[in-house]
Amino acid sequence: MKRKFRYAGYIMRGSSEPLLQLSLAGKIEGKRGQGRPRRNWMDDVKEWSRSTSYGDTKGKAENREEWRDMVDNHRTEDDTWLLLVAK
């Protein structure tokens, strides 16, 4: 969870290849099948950063220190602190 959160910040800041940015922000043409909408990769990141949209999450990721603090102080769904192992 922490690695995914940290990697999302790396991609959204523009530090990665343009293809990775396009895969996160891009839209796929065509119809979606019936049924429950699938949960995608960014849904987790938006939930963890307590954002409502991709743009809001990207804005938070632009500030590296704030994003790093958010990743390090992330709480789990039951509102308990995530235990982090020091490197």
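Trainee: Which residues form one aromatic cluster?

Mentor: In this predicted model, a search for paired rings gives four aromatic pairs in the structure. One of them joins F5 and W67, with 5.0 Å from centre to centre and 55° between the planes. The aromatic cluster is made up of F5, W48 and W67.

Trainee: Are F5 and W67 buried or exposed?

Mentor: Residues count as buried under 20% relative accessible area. F5 has a relative accessibility of 1% and therefore falls in that class, and W67, with a relative accessible area of 2%, falls there too. For F5 the class is buried, and for W67 it is likewise buried.

Trainee: How are the rings of Y7 and W41 arranged, edge-to-face or stacked?

Mentor: Planes under 30 degrees apart count as stacked, whereas those over 60 count as edge-to-face. The ring centres of Y7 and W41 lie 6.4 Å apart and the planes stand at 90°, so the arrangement is edge-to-face.

Trainee: Which helices hold Y7 and W41, and how many residues apart are they?

Mentor: Y7, which is partly exposed at 38% relative accessibility, pairs with W41, which is partly exposed with a relative accessible area of 32%. The pair links distant parts of the chain, with Y7 in helix α1 and W41 in helix α3, and the separation is 34 residues.

Trainee: Why does the salt bridge between K2 and D72 tie together parts that are 70 residues apart in sequence?

Mentor: The side chains of K2 and D72 meet in a salt bridge at 3.6 Å, N to O. K2 belongs to helix α1, which covers residues 2-12, and D72 belongs to helix α5, which covers residues 64-72, so the contact joins parts that far apart in sequence: helix α1 and helix α5.

Trainee: Which residues do salt bridges with shared partners join into one network?

Mentor: Besides K2, D72 also meets the side chain of R6 in a salt bridge, at 3.5 Å, N to O. R6 lies in helix α1 and D72 in helix α5, so this pair ties together parts that are 66 residues apart in sequence. The network therefore consists of K2, R6 and D72.

Trainee: What is the N to O distance in the salt bridge between D44 and K4?

Mentor: The whole structure holds four salt bridges, and in one of them the partners are D44 and K4. K4 is partly exposed, with a relative accessible area of 22%. A side-chain nitrogen within 4 Å of a carboxyl oxygen is required, and the distance for D44 and K4 is 2.7 Å.

Terms used
Residues numbered from 1 in each chain as written. Predicted model: local features only at pLDDT ≥ 70, side-chain atom pairs only at ≥ 80, totals over all residues. Heavy atoms only, no water. Helix = DSSP H or I, 4+ residues; strand = E, 2+ residues; numbered from the N terminus. Buried < 20%, exposed > 50% of the residue type's maximum accessible area, 1.4 Å probe, protein only. Phe/Tyr/Trp six-rings, centres within 6.5 Å; stacked < 30°, edge-to-face > 60°.
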